[in-house]
Amino acid sequence: MPRIIIVGNQKGGVGKTTISVHLATLWADQKKRVLLVDADPQGSAYAWLGEDSPVDTAQHVGPGIGDTLRQVQAVGELALSTTTALPGDPRPWMIGASSFLVTGQPQRALDFYRAALGTGERSEIDLNLGRAYAGLNRRDAADAALLRAGWISPEILASLPQPSRDALLVKIADLDADLRAGRLAAPPPLPSD
Ligand SMILES: Nc1ncnc2c1ncn2[C@@H]1O[C@H](COP(=O)(O)OP(=O)(O)OP(=O)(O)O)[C@@H](O)[C@H]1O
Ligand SMILES: [Mg+2]
């Protein structure tokens with residue numbers, strides 16, 4: 001599965017381009033397929049890597065990252081404006097919530113994921129609920145929501161970082177054994193607030 005890594009900070013020589021170019025080259029040397037996208041109009045990454053580099057490069061043109069994030073939020077607001085028109089459809093809530101999550105507003109995202117749950121439970125809602133709790137550093141609630149997501153649909157855990165995924169799969173295997181032995185009274189609960 002592709003991974004997107006952002007090396008970001010405001011303009012001003014803290015080492016973003018140096019770190020990006022070195023990481024991209026390291027991974028390309030390890031035979032990974034790497035695309036380095038330079039979001040700075042100055043385009044130093046291009047110039048530094050040169051034509052013989054094993055790293056593919058692309059220049060991000062258009063609005064800066066800050067403007068892009070504001071656009072993400074605008075997409076969220078648009079999605080939410082359709083929620084009353086589409087009662088019972090969790091997708092506008094989900095898109096809206098995810099836009100708040102990526103713009104660093106986990107509490108707002110959480111409220112909307114909960115609203116999405118109000119239309120009926122789906123494992124992808126539980127998964128994102130877990131992400132929102134994690135963004136709020138509410139580790140126990142995050143683990144509970146992620147466990148519930150994985151209990152409903154283990155495949156959905158593939159999108160999580162490997163250490164958390166592996167730990168959850170162990171817990172799910174234990175619960176499964178309990179279920180088969182008749183020791184499980186109820187599925188793992190979602191956090192209540
Ligand atoms: N770890 C480091 N130790 C010492 N010097 C460094 C280190 N990392 C980067 N530099 C030097 O600091 C300067 C700025 O680095 P770089 O251009 O990577 O920063 P930047 O964050 O991309 O800057 P800008 O915001 O202008 O794009 C360069 O001269 C680079 O060689
Ligand atoms: Mg730079």
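Is W27 buried, exposed or partly exposed? W27 is partly exposed, because 17 other C-beta atoms lie within 10 Å, a count that falls between the 20 or more of a buried residue and the 12 or fewer of an exposed one. Please keep in mind as you look around that this is a predicted model. The protein is divided into domain 1, residues 16-59, and domain 2, residues 65-180. Taken over C-alpha atoms, the centres of domain 1 and domain 2 are 32 Å apart.

**Around ligand 1**

- Ten positions are worth finding on your screen here: the residues around ligand 1 are K11, G12, G13, V14, G15, K16, T17, T18, D40 and S44.
- Sorted by class, this shell holds six polar residues, three charged residues and one nonpolar residue.
- Helix α1, residues 16-29, gives the most to the shell around ligand 1, contributing three residues.

**Helix α1 and its surroundings**

- Two residues of helix α1 make a handy pair to look at: W27 is found in this helix, and A24 is found there too.
- A24 counts as buried because it has 24 C-beta neighbours inside 10 Å, and 20 or more are enough for that label.
- Leaving aside neighbours within four places in sequence, A24 is in contact with V34, L36 and V55.
- With the same kind of neighbours set aside, W27 is in contact with K32 and V34.
- A24 and L49 are 25 residues apart along the chain, and their C-alpha atoms are separated by 9.8 Å.
- W27 and P54 are 27 residues apart along the chain, with 9.6 Å between their C-alpha atoms.

**The nonpolar cores**

- In soluble globular proteins, nonpolar side chains tend to be buried together.
- The largest nonpolar core has 25 residues, of which A97, A109, Y113, A145 and L146 touch the most other members.
- The elements giving two or more residues to this core are α4 (91-102), α5 (106-117), α6 (123-135) and α7 (139-152).
- Helix α7 gives the most to this core, with seven residues.
- Apart from its neighbours within four places in sequence, L146 is in contact with L127, G130, L160 and L168.
- There is also a second, separate core of six residues, which includes V21, A24, A45 and L49.

**Helix α6**

- Helix α6 has 13 residues and reaches 19 Å from its first C-alpha to its last, close to the 18 Å expected at 1.5 Å a residue.
- Which residues of α6 are buried? They are I125, D126, L127, N128, L129, G130, R131, A132 and Y133.
- These buried residues of α6 pack against α4, α5 and α7.

**Helix α8**

- Why does the length of helix α8 agree with what is expected? Helix α8, residues 162-180, has 19 residues and should span 27 Å at 1.5 Å a residue, and its end C-alpha atoms are 27 Å apart, so the two values agree.
- After α8 comes G182, which has a positive phi near 75 degrees.

**Positive phi away from glycine**

- K31 is not a glycine, yet it has a positive phi of about 70 degrees.
- You will find K31 in the loop between α1 and β1 (35-38).
- K31 counts as exposed because it has 8 C-beta neighbours inside 10 Å, and the cut-off for exposed is 12 or fewer.
- K31 and L169 are 138 residues apart in sequence and 29 Å apart in space, C-alpha to C-alpha.
- N137 is not a glycine either, and its phi is positive at about 60 degrees.
- N137 follows α6 and lies in the loop between α6 and α7.
- Is N137 buried or exposed? N137 counts as exposed because it has 9 C-beta neighbours inside 10 Å, and 12 or fewer are needed for that label.

Definitions and conventions. Residues numbered from 1 in each chain as written. Chains lettered and ligands numbered in written order. Predicted model: local features only at pLDDT ≥ 70, side-chain atom pairs only at ≥ 80, totals over all residues. Near = placed C-beta within 6 Å. Helix = DSSP H or I, 4+ residues; strand = E, 2+ residues; numbered from the N terminus. Nonpolar A, V, L, I, M, F, W, Y, C, P; charged D, E, K, R; others polar. Core = buried A, V, L, I, M, F, W, Y, C linked by C-beta atoms within 7 Å. Contact = placed C-beta atoms within 7 Å. Domains from an automatic or database assignment. Expected span 1.5 Å × (residues − 1).
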